[in-house]
Amino acid sequence: MPVRTSDAKWQGDLKSGKGTVHLGSGAWEGQYNFSSRFEEGKGTNPEELIAAAHAACFSMALSAGLSGAGFTVDSVATSAKVKVEPVPGGFEITKIDLVTEAKVPGIDKAAFDKIAAATKEGCPVSKALKAVPISLDAKLV
């Protein structure tokens, strides 16, 4: 299995500095700064990148779980919200909310919910983030 890489460079102090993030694949490059992370400034931030990774991983893993159980998956769309908050001594990611909608003909709600819950526990990004409370709102459409 390949090892995935990305890199980031930061210049300056926390409040007035700036940084750049590069995905190892070359698919994306962008800037980040204090304002884009802790306020509503322009640019990305680590939490947004974690949310993207988690949403992508969960969608793929749910599709795999559903098709592995014999269902044909039309689509899975997931959004992730990653909350960062100040805590004594710094900041901490305190919560991740996953919301997923799947179009899966022929599955009942109970079977879907069981597979979605197992996916929440088994998706590789969920496993990596297990120190953070993760909620799941899974819907059939």
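1. A residue is called exposed when its relative accessible area is over 50%, buried when that area is under 20%, and partly exposed in between. These terms recur in the points below, which concern a predicted model. Glu121, with a relative accessible area of 55%, is therefore exposed.

2. The general layout of the chain may be described next. The secondary structure comprises 4 helices and 6 strands. Read from the N terminus, the elements follow the order β-β-β-α-α-β-β-α-α-β. The C-alpha trace spans about 55 × 35 × 25 Å along its principal axes.

3. How much of the chain is buried? Of the 141 residues, 29% are buried. As for contacts between residues at least 6 apart in sequence, 50% of them join residues at least 24 apart.

4. Two of the helices deserve a closer reading. Helix H2, which covers residues 46-68, packs against H3 at an angle of about 135°, and their axes lie 9 Å apart. This angle makes H2 oblique to H3, because it lies neither over 145 degrees, which would count as roughly antiparallel, nor between 65 and 115 degrees, which would count as roughly perpendicular. The crossing of H2 past H3 is right-handed.

5. Which residues make the contact between these two helices? On the side of H2 they are Phe58, Ala61, Leu62, Gly65 and Leu66, and on the side of H3 they are Phe112, Ile115, Ala116, Thr119 and Lys120. By type, the residues of this contact comprise 7 nonpolar, 2 polar and 1 charged.

6. The whole structure contains 6 salt bridges. One of them joins the side chains of Asp113 and Lys109, with an N to O distance of 2.8 Å. Both residues belong to helix H3 (residues 109-122), and because they are 4 residues apart, about one helical turn separates them. Asp113 is partly exposed at a relative accessible area of 33%, and Lys109 is also partly exposed, at 40%.

7. Helix H3 residue Lys120, already named in the contact with H2, has a salt bridge with Glu121, in which N and O are 3.7 Å apart. Glu121 is the exposed residue of the first point, at 55%.

8. A further salt bridge links Lys139 and Asp137, whose closest N and O atoms are 3.1 Å apart. Are these two residues buried, partly exposed or exposed? Lys139 is partly exposed, with a relative accessibility of 34%, and Asp137 is likewise partly exposed, with a relative accessible area of 34%.

Methods: Residues numbered from 1 in each chain as written. Predicted model: local features only at pLDDT ≥ 70, side-chain atom pairs only at ≥ 80, totals over all residues. Heavy atoms only, no water. Salt bridge = Lys/Arg side-chain N within 4 Å of Asp/Glu carboxyl O. Buried < 20%, exposed > 50% of the residue type's maximum accessible area, 1.4 Å probe, protein only. Axes fitted to C-alpha atoms, helices over the stretch in contact; angles between N-to-C directions. Parallel < 35°, antiparallel > 145°, perpendicular 65-115°, else oblique. Left-handed = near helix turned anticlockwise from the far one by under 90°. Contact = heavy atoms within 4.5 Å. Nonpolar A, V, L, I, M, F, W, Y, C, P; charged D, E, K, R; others polar.
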